[in-house]
Structure formats: C-alpha cells, structure tokens
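Please look at the chain shown below before reading on. The explanation that follows is meant to be read with the structure in view.

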Amino acid sequence: MEISIRQSEQLPQHIENLAALATQEGYIFIQRLIDEFQSGKNRFDQMGECLLVAYDGDKLVGCGGLNQQWGDTEVEARIGRVRRFYVHPQYRQHGVGKQLLIELEKKARPFYSALCLNTETKSAAHFYQKQNYVFVENHPNYNYFKYLIA
C-alpha cells in the first residue's frame with residue numbers, strides 16, 4: 001500500500017466508484033459532493049477551502065474537504081469545517097483516514113484556528129475522538145470540534 005494525498009481542483013476520476021461504495025454503506029454525502037460540485041454549489045474553492053483525495057497508486061481510496069464554516073448569516077471567523085470525508089472500507093484501520101485528516105489540518109492552519117464537523121456514526125465519532133476532536137452537545141451546526149494548536 002503506497003498512499004499519496006493530493007489536492008484536487010476538479011472531481012477526481014473514479015469518484016463515482018467511491019460514491020457507490022458509500023451509498024452501499026448508507027452514506028449519501030459522497031454523491032452529494034459530486035452533485036454540489038457539478039452544480040457549482042460547493043467546489044471547495046473559496047478562501048481557505050480545499051478538496052483532498054487519497055490514492056493507493058492510481059486507485060482512489062478516500063477524500064475529504066475543507067470549507068468555511070457558516071453560521072446563521074455569515075462565515076464564522078477562523079473556523080473551518082471538515083466535510084465529505086470518506087475512506088474506502090478496505091483501507092480503513094490502515095492509517096489512510098488519519099493521513100488524510102492530518103493533511104486537511106495542515107491546509108487549514110493558515111486560515112483557521114479551529115475545525116468542526118458533523119457525524120452521526122459511532123465508528124466515525126471514534127475515529128475523530130482519536131484525532132483529538134471533542135464532542136459538542138447541542139450545537140445546531142456541528143457535533144465535533146478541534147482547536148488547531150501550532
């Protein structure tokens with residue numbers, strides 16, 4: 001396994017395969033990534049945003065995006081949001097997700113003091129907790145948060 005993490009300005013080739021796998025697991029957010037990217041709603045192209053993809057050789061095995069965090073009416077200053085984070089099931093528990101998240105955090109540091117995200121699954125929650133994200137109760141827009149300390 002030779003994993004490389006790359007920034008992508010366009011939807012990566014074979015993203016549909018990743019979306020199909022995610023959908024089989026009951027996750028629609030990779031298909032949502034495709035739909036929103038194609039419609040122009042979210043192309044991870046605003047200040048401080050990016051889309052990273054993980055490859056094993058030339059096989060797409062994961063992705064994760066970084067967006068500005070919006071409050072009710074405006075961007076929340078210095079808070080970024082981890083979005084559309086997914087790793088191929090055969091590549092979980094092998095450090096791919098950790099490597100991808102570390103790269104997202106590196107990209108975030110010049111723009112954000114903290115990152116937030118929302119997850120509803122226990123396995124993802126466990127993963128984020130291992131990466132020092134803390135559970136936030138009763139926030140309307142996210143349920144995990146991490147300060148980016150230099």
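The paragraphs below treat the pockets, then the charged pairs, and then a few single residues. The model is a predicted one.

The largest pocket has a volume of about 930 Å³. Its lining consists of 31 residues, and those that lie nearest its centre are Phe 85, Thr 119, Thr 121, Ala 124 and Tyr 128. Four elements each give two or more residues to this lining: the helices or strands labelled α2 (29-39), β4 (75-87), α3 (96-108) and α4 (122-130). The largest share, seven residues, comes from β4. By class, the lining of the largest pocket holds twelve nonpolar, ten polar and nine charged residues.

The second largest pocket has a volume of about 290 Å³. It is lined by 15 residues, of which Asn 42, Asn 67, Gln 68, Trp 70 and Arg 83 are the closest to its centre. Here the elements that give two or more residues are β3 (59-70) and β4, and β3 gives the most, with four residues. The lining of the second largest pocket has one nonpolar, seven polar and seven charged residues.

The next topic is charge. Side chains of opposite charge can pair when their charged atoms come close. How many salt bridges does the model contain? The count comes to five.

One of them joins the side chains of Arg 84 and Glu 36, at 3.1 Å from N to O. This pair links distant parts of the chain, since Arg 84 belongs to strand β4 and Glu 36 to helix α2, 48 residues apart. Arg 84 counts as buried because its relative accessibility is 10%, under the limit of 20%. Glu 36, at 13% relative accessibility, therefore also counts as buried. In α2, the buried residues are Ile 30, Leu 33, Ile 34, Glu 36 and Phe 37. After α2 comes Gly 40, which has a positive phi, near 90°.

A second pair is formed by the side chains of Lys 106 and Glu 103, which meet at 3.3 Å, N to O. Both residues lie in helix α3, three residues apart, about one turn of the helix. With a relative accessible area of 25%, Glu 103 is partly exposed.

Helix α3 also takes part in a salt bridge between Lys 146 and Glu 105, at 3.1 Å from N to O. Lys 146 lies in strand β7 (residues 144-147) and Glu 105 in helix α3, 41 residues apart, and the pair links distant parts of the chain. Lys 146 is buried, with a relative accessible area of 12%, and Glu 105 is buried as well, at 5%. Salt bridges that share partners also join Glu 36, Lys 41 and Arg 84 into one network.

Does a buried charged residue such as Asp 56 lie in a strand or a helix? Asp 56 is in strand β2 (residues 50-56). Asp 56 is buried yet has no salt bridge, and the nearest side chain of opposite charge, Lys 59, is 6.6 Å away. Leaving aside neighbours within four places in sequence, Asp 56 is in contact with Met 1, Glu 2, Ile 3, Val 61 and Tyr 91.

The last residue to consider is Phe 111, found in the loop between α3 and β5 (114-117). Phe 111 counts as partly exposed, at 33% relative accessibility. Not counting residues up to four places away in sequence, Phe 111 touches Met 47, Gly 48 and Arg 78. Phe 111 and Gln 68 are 43 residues apart in sequence and 9.3 Å apart in space, C-alpha to C-alpha.

Note on methods. Residues are numbered from 1 along each chain as its sequence is written. This is a predicted model: local features need pLDDT of at least 70, side-chain atom pairs count only at pLDDT 80 or more; totals for chains, interfaces and linings use all residues. Side-chain values use heavy atoms; hydrogens and water are left out. On a 1 Å grid over the protein atoms alone, a cavity is a set of points where a 1.4 Å probe fits but cannot get out, and a pocket is an open set with protein on both sides within 12 Å along at least five of seven lines; lining residues have an atom within 4 Å of a point. Grid points are joined across faces, edges and corners, and a volume is the space filled by probe spheres set on the points. Ala, Val, Leu, Ile, Met, Phe, Trp, Tyr, Cys and Pro count as nonpolar, Asp, Glu, Lys and Arg as charged, and the others, Gly among them, as polar. Buried means under 20% relative accessible area, exposed over 50%, partly exposed in between (1.4 Å probe, protein chains only). Contact means heavy atoms within 4.5 Å. Lys and Arg count as positive and Asp and Glu as negative; His and the chain ends are not counted. A salt bridge is a side-chain nitrogen of Lys or Arg within 4 Å of a carboxyl oxygen of Asp or Glu.
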